[in-house]
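Please look through the model shown here before reading on. The questions that come after it are meant for someone new to protein structure.

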Amino acid sequence: MGKAAVIFFVIWSVVSAGVGPAMAENEDRHLSPYFFVEGGDEGQECFPLKSTTVKAAISGVIADVKVTQTYTNTGTRPINARYVFPASTRAAVHGMRMTVGEEVIEAKIEARQKARQTFKKAKAAGKSASLLEQQRPNVFSMHVANVMPGETIAIDLHYSELLVPEEGLYQFVYPTVVGPRYSTIPEKGADDHHRWLQNPYLTEDQDPTSTFDIKVSLAGGLPIGQVACATHATDVTWDGPSKAQISLAADETHGGNRDFILDYRLSGDQIQTGLMTYEGDAENVFMLMVQPPQRVTPDAIPPREYIFVLDVSGSMHGFPLDTAKVLIKDLLAGLRPEDRFNVILFAGAARLLAPRSITADPAQIQAAVNFVDDQDGGGGTELDRALSTGLNLPRDEGYARTMVVVTDGYIAAEKAVFSRIADQAGQCNVFAFGIGSSVNRHLIEGIAKAGQGEPFVVTEPKEAAATAARFRRYIAAPVLTDIEIEIDGFDAYDVEPLQPADLFAQRPLIVCGKWRGERQGTIEIKGTGGQGPYAEVFHVAEALPADDNGALPYLWARKRLARLSDFSVTEDDEQIKEQVTQIGLAYNMLTAHTSFVAVHEKVRNTAAPATDVDQPLPLPQHVSNLAVGARHVPEPDLGVMLIAAIPLGLWMVLRRRRS
């Protein structure tokens with residue numbers, strides 16, 4: 001994009017964010033990200049986050065991850081820093097501490113509003129403090145108060161995560177940046193779970209302003225057959241056949257604009273399954289991982305109707321949309337003559353290829369390819385409207401309906417989408433394809449969960465063919481259906497899931513829960529596989545407790561939270577809020593309704609109140625400036641735009657002089 005276009009979008013973003021007296025009085029503004037414009041106040045530190053360092057220890061199927069964020073104030077006045085960052089959708093965050101100088105303060109878990117008040121009081125008193133909040137299951141915000149001039153404050157986070165292999169492939173993902181979210185939520189009256197949407201972003205030509213480093217210690221338990229990282233340049237050293245150390249290459253210092261994705265396989269594509277147990281002081285927890293039977297493709301597959309819903313909004317402009325086009329073409333090429341299909345393109349509005357689904361003959365497929373190829377990307381991201389259009393299409397008897405959603409997921413209204421899909425459960429399976437280097441995995445996984453389908457992530461065009469082939473395998477025949485869990489002679493309770501869904505992917509079925517009394521009895525898994533009835537029995541007494549399984553209580557709690565909160569559409573249900581809060585307090589875990597807060601009790605800022613600084617985020621790799629454009633605001637006032645343009649013009653002049 002040229003400088004003129006960048007200037008336009010920066011101006012428009014400033015206007016959208018409410019800069020200028022005319023916009024300040026506008027009550028119709030919506031929460032929206034905006035471009036960061038560096039001000040002329042040299043006493044204010046605009047980029048307080050200096051580094052993120054990650055150390056992940058993977059042992060078997062459990063990842064133990066420690067993250068250190070370092071904040072430094074190189075300005076002349078105290079600052080309060082805020083940083084929005086992503087997380088794994090499966091992360092159970094159960095520890096935080098703050099280091100100020102030589103002093104280490106362990107954070108406490110408190111109910112969200114209480115923690116916020118604790119932080120606010122410390123901030124006002126001039127004390128250094130930190131507050132970690134969950135805004136989405138995969139989006140956190142860190143607030144650090146009263147960082148003094150010349151001072152560095154380090155925040156350490158600790159989380160555990162379960163790694164579930166698919167078709168013999170294990171994958172560890174560490175997300176690094178939150179993409180800008182499209183929102184139609186009014187700014188006036190918005191609750192604190194949504195205000196993070198108003199975050200500044202750097203333009204696409206600017207590198208991350210903080211460094212990123214990650215080291216992974218991998219202990220496979222069995223010989224490791226393959227280790228690969230396609231997202232970052234890495235070095236791999238071996239400590240024997242079953243242990244490896246993975247670190248970023250020396251020149252990979254600013255890789256914080258895309259997910260870090262590490263893939264590995266065990267020799268012979270083996271996976272770790274079986275029963276794990278942990279006996280604690282307060283409770284006993286078990287986790288069972290069951291490898292389902294081999295996939296068998298039936299000879300006769302019933303005809304299907306496929307509805308492809310493709311995101312062509314501004315955030316998909318360029319590389320993401322090019323990747324999506326390759327994927328759609330591969331998916332279309334796999335249709336059979338007896339299938340029917342339709343294509344919906346959506347940005348601010350939804351456009352249909354045909355008023356009702358059409359036959360998958362070569363001419364119609366080519367027409368669909370041309371329909372998709374004509375798109376360039378631009379505008380809002382009204383996914384819910386597009387889903388409604390697709391779900392309300394006329395149906396043809398005898399065709400099983402499948403919807404395929406292709407998007408980067410950069411929207412704020414996830415729960416509305418989950419609700420839309422869940423309302424038609426049983427009428428249409430929904431599969432979701434996340435496109436890009438830093439997709440919103442919460443949305444992609446939630447769509448698939450609500451639609452009883454499967455999530456996929458495609459980071460670049462070369463992955464499209466293999467991913468489309470996986471989709472066709474899944475849709476041809478589930479791995480295991482009609483799943484039942486029978487527990488005999490074992491006093492188990494709080495078992496998750498309540499009712500297992502059909503397994504499309506070749507991945508283990510996971511059952512976890514607690515037990516009282518003796519470690520005895522059996523757990524039997526029943527279902528229907530491609531070759532008929534399937535059953536497998538596990539004897540509890542054979543699963544010896546181990547201290548290495550100490551993460552199991554957190555992983556159980558994360559499973560329960562996922563069911564109660566992550567994909568629930570009843571966000572304001574007081575009973576659910578209470579259950580989530582109690583789990584967070586009992587397990588010392590970050591949730592939607594519990595937060596970590598740490599306070600250094602010494603009053604350190606006795607001068608003027610500190611300046612609030614929002615850490616600007618880099619745009620995810622391959623995401624264009626169009627992702628941060630106009631967001632449902634009234635037509636701009638020309639005078640306001642000219643006022644906004646004056647400091648921007650000065651900024652461009654100063655920047656040119658510096659270079």
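The questions and answers below go from confidence to cores, sheets and helices.

Q: What average pLDDT does the chain have?
A: This is a predicted model, in which local features need pLDDT of at least 70 and side-chain atom pairs count only at pLDDT 80 or more, while totals for chains, interfaces and linings use all residues. Residues are numbered from 1 along each chain as its sequence is written, and side-chain values use heavy atoms, with hydrogens and water left out. Since pLDDT is the predictor's confidence in each residue, from 0 to 100, it helps to know that 89% of the residues score at least 70. The chain average is a pLDDT of 89.

Q: How many contacts does the stretch of residues 1–25 have beyond near neighbours in sequence?
A: Over residues 1–25 the pLDDT is below 50, and where pLDDT is low, the predicted coordinates should not be read in detail. With contact meaning heavy atoms within 4.5 Å, the number for this stretch in the model, beyond near neighbours in sequence, is 55.

Q: Which helix gives the most residues to the largest nonpolar core?
A: A nonpolar core is a set of buried Ala, Val, Leu, Ile, Met, Phe, Trp, Tyr and Cys residues joined through side-chain atoms within 4.5 Å, where buried means under 20% relative accessible area, exposed over 50% and partly exposed in between, with a 1.4 Å probe and protein chains only. The largest core has 94 residues, of which Leu 132, Phe 172 and Phe 260 touch the most other members. Helices (H or I, at least four residues) and strands (E, at least two) are DSSP runs, numbered from the N terminus. With six residues, the helix that gives the most to this core is H10 (residues 552–566).

Q: In S29, which residue is the bridge partner of Phe 286?
A: Two strands pair if DSSP finds at least two bridges between them, and four strands form an open sheet in the order S18-S19-S29-S28, with antiparallel pairing. Within this sheet, strand S19 (residues 284–290) and strand S29 (residues 509–515) are joined over seven bridges. The partner of Phe 286 in S29 is Gly 513.

Q: Why are the buried residues of H7 on the same side of the helix?
A: The buried residues of helix H7 (residues 414–422) are Glu 414, Val 417, Phe 418 and Ile 421. The arc is that of the directions from the helix axis to the C-beta atoms. These residues are on the same side of H7 because they cover an arc of only 100° around the axis.

Q: Is Thr 203 buried or exposed?
A: Thr 203 lies in the loop between strand S12 (200–201) and strand S13 (211–219). Its C-alpha atom is separated by 9.6 Å from that of Val 623, although the two are 420 residues apart along the chain. Because its relative accessibility is 4%, Thr 203 counts as buried.

Q: At about what angle does helix H3 run to S8?
A: An open sheet of six strands has the order S7-S32-S8-S9-S4-S33, with mixed pairing, and its edge strands are S7 (108–111) and S33 (611–614). Helix H3 (residues 112–124) lies across S4, S7, S8, S9, S32 and S33. Axes are lines fitted to C-alpha atoms, for helices over the stretch in contact, and angles run from 0 to 180 degrees between N-to-C directions. The angle of H3 to S8 is about 150°.
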